[in-house]
Number of protein chains: 2
Amino acid sequence: MPAQLTEATTAPGCRVLGLRERKKQRTRDSLVDAAHRLFSSQGYARTTVDEIAAAVDVSQRTFFRYFENKEEVALAVMADAEDFFIDCLRRRPAEENPLQAMRASITEAWRSLGGMEQVGPGSVTAALELFELIETTPTLLAAHLRRTTEQERVVAGILAEREGLDPATDLRPRVLAAVFGAVVRISHLSWTSDAAAHEAGPDGMIALIERHFDQLGPALAGSWQR
Amino acid sequence: MPAQLTEATTAPGCRVLGLRERKKQRTRDSLVDAAHRLFSSQGYARTTVDEIAAAVDVSQRTFFRYFENKEEVALAVMADAEDFFIDCLRRRPAEENPLQAMRASITEAWRSLGGMEQVGPGSVTAALELFELIETTPTLLAAHLRRTTEQERVVAGILAEREGLDPATDLRPRVLAAVFGAVVRISHLSWTSDAAAHEAGPDGMIALIERHFDQLGPALAGSWQR
DNA sequence: TTGCCGAATGTCAGTGACTGTCATAATCTC
DNA sequence: GAGATTATGACAGTCACTGACATTCGGCAA
């Protein structure tokens, strides 16, 4: 039955995966979902991997085939968002200068992710909950910071390529990527304690990042006036 | 015999601690020392806490009374160095502007720490080894990044106080502290792969940090020229 | 010196994250 | 539908870390 086979592998949009792949995607999503529910109800530390696995009815061993460790399942949606940002950056027109491209990319990323779904794991309220979970859980914060610095390395590579520079020689890509990462991070931090910014949805976050960016010049300036 | 008591508690320089305190300090130092030796010979992951404890002839339980976790013993000397930097910053004259004070503080910190001992846990070669250990060990890198961001919060507080600002309102202290942290971090990273910089000792590190700082302006500038 | 108090340490048992291994069961391919 | 792949489960084991309790050691006063 070649017809069925073709249907399974090359159907609508050439994107329909086989049953195996779909099933895997489903369990993975379920695990992320169950984990978030448990974390937010009992806290991260008081939730065991066994519980998460049991909630999805798979063995603990299977959990660890999907995620390297307990932190990864908590940070999965954040990781996806960061990958999305990277994709945006790769697609920015070459005319933009590095800083413009980066600012445009986060804006773009927050707009599309925020607009995707009003509820569920991609929603703004879910993001807020996740940020708070991360900030209040030392081990999660540590894992998250490691992830983001890894992304900074990738970003620096993209910037260097855009400008046709050798990242080993020229320090600017690394420096800019690191500064950008720092600004985004403290913006996230401010966002968690800024009720007005949540209300505004993704635009609130974007505005906050812009405000922090605008303080870069003044902060680096010689002396501060009150 | 009050004489002996006084001698034990208020002898030369009024700094001699009791036997109990001295013993604690000694075991702690020994643990850090043994840990570093084991980590550098067998690697971090392949060294168990039991081994470290056994090398100093204490129980595993005692190890965990000195250090919250395995990462902490590896990062202990780095943590001390950071605390020293904080102290330097606190002591900087009020006339200096924030950026000047920070740059002066790392320079000061590296000079005195580097000049302290030519060999041993405080030496430049030991620092290099430690940096490499951290960068090649994901869990150590994560813990280290968490520590440094915590220090950034402290630094931001000091800066705000120096300038008489409310850190909740004014974004500049946080932004500057974060940018500073980012610059220092990538400088450390460059240092590990820059043989010439090791030779120069602390001054090599200081020069690297200065170079990265000098790229801040250009990196943030509109467009980059090759 | 003696004896008491509190702090430091050791012992032991337990939990939970994570890994290797092998058997089994589910998909995929032909 | 047979056979090759691949996902999963079951099980045992290691290791980081913790609570509880007994013991020992240093600090101090009678």
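Biologist: Happy to look at this together! Which helices each supply at least two residues of the surface near DNA strand C?

Modeller: Glad to help, and please keep in mind that this is a predicted model. By class, the surface near DNA strand C has five nonpolar, seven polar and 11 charged residues. The elements that each give at least two residues to this surface come from both protein chains: α2 (19–42) and α4 (60–66) of chain A, together with α2 (19–42) and α4 (60–66) of chain B.

Biologist: Which residues come nearest to DNA strand C?

Modeller: There are 23 residues around this strand. Of the strand's atoms within 4 Å of the protein, 55% belong to sugar or phosphate, and the rest to bases. The residues that come nearest are Arg20(A), Arg20(B), Lys24(B), Thr62(B) and Arg65(B).

Biologist: How far is a polar side-chain atom of Thr62(B) from a phosphate oxygen of DNA strand C?

Modeller: Let's go through some phosphate contacts of this strand. A backbone N or O atom of Val49(A) lies 3.3 Å from a phosphate oxygen of DNA strand C, and for a polar side-chain atom of Lys24(B) the distance is 2.6 Å. For Thr62(B), again with a polar side-chain atom, the distance is 2.3 Å.

Biologist: Turning to DNA strand D, which residue has a polar backbone atom 2.7 Å from one of its phosphate oxygens?

Modeller: Two side chains of chain A can be set aside here: Thr62(A) places an N or O atom 2.3 Å from a phosphate oxygen of DNA strand D, and Tyr66(A) does so at 3.0 Å. The residues nearest to DNA strand D are Lys24(A), Thr62(A), Arg65(A), Leu19(B) and Lys70(B). The backbone contact at 2.7 Å belongs to Lys70(B).

Biologist: How do the residues of the surface near DNA strand D divide, and how many are charged?

Modeller: α2 and α4 of chain A and α2 and α4 of chain B each supply at least two residues here. Of the atoms of DNA strand D within 4 Å of the protein, 57% are sugar or phosphate atoms. The surface divides into five nonpolar and seven polar residues, and the charged ones number 11.

Biologist: Now the protein partners: which element gives the most to the side of chain A that touches chain B?

Modeller: The contact takes 39 residues from chain A and 39 residues from chain B. Arg172(A), Leu220(A) and Trp224(A) supply 21% of the area that chain A buries against chain B, more than any other three residues. The elements giving two or more residues to this side are α6 (98–116), α8 (138–163), α9 (172–192), α11 (202–214) and α12 (216–220) of chain A. With 11 residues, the one that gives the most is α9(A).

Biologist: How many salt bridges does the rule find across the interface of chain A and chain B?

Modeller: The two chains bury about 3,800 Å² between them, 73% of it on carbon and sulfur atoms. Two residue pairs are in polar contact between chain A and chain B. For salt bridges across this interface, the count is zero.

Biologist: Which residue forms a salt bridge with Arg103(B)?

Modeller: Over all chains, the count comes to 20 salt bridges. In this one, the closest N and O atoms are 2.5 Å apart. The pair links distant parts of chain B, 107 residues apart, with Arg103(B) in helix α6 (residues 98–116) and its partner in helix α11 (residues 202–214). That partner is Glu210(B).

Biologist: Where in chain A is the pLDDT below 50?

Modeller: Chain A averages a pLDDT of 89, and 89% of the residues score at least 70. The stretch in question has six contacts in the model beyond near neighbours in sequence. The pLDDT is below 50 over residues 1–15.

How values were computed
Residues are numbered from 1 along each chain as its sequence is written. Chains are lettered from A and ligands numbered from 1 in the order in which they are written. This is a predicted model: local features need pLDDT of at least 70, side-chain atom pairs count only at pLDDT 80 or more; totals for chains, interfaces and linings use all residues. Side-chain values use heavy atoms; hydrogens and water are left out. Contact means heavy atoms within 4.5 Å. Buried area is the accessible area (1.4 Å probe) that two parts lose on being put together, summed over both. A salt bridge is a side-chain nitrogen of Lys or Arg within 4 Å of a carboxyl oxygen of Asp or Glu. A polar contact is a pair of N or O atoms within 3.5 Å; within protein, one must be able to donate a hydrogen and the other to accept it, and residues adjacent in sequence count only if both atoms are side-chain atoms. Helices (H or I, at least four residues) and strands (E, at least two) are DSSP runs, numbered from the N terminus. pLDDT is the predictor's confidence in each residue, from 0 to 100. A residue is near a molecule or strand if one of its heavy atoms lies within 4 Å of it. Ala, Val, Leu, Ile, Met, Phe, Trp, Tyr, Cys and Pro count as nonpolar, Asp, Glu, Lys and Arg as charged, and the others, Gly among them, as polar.
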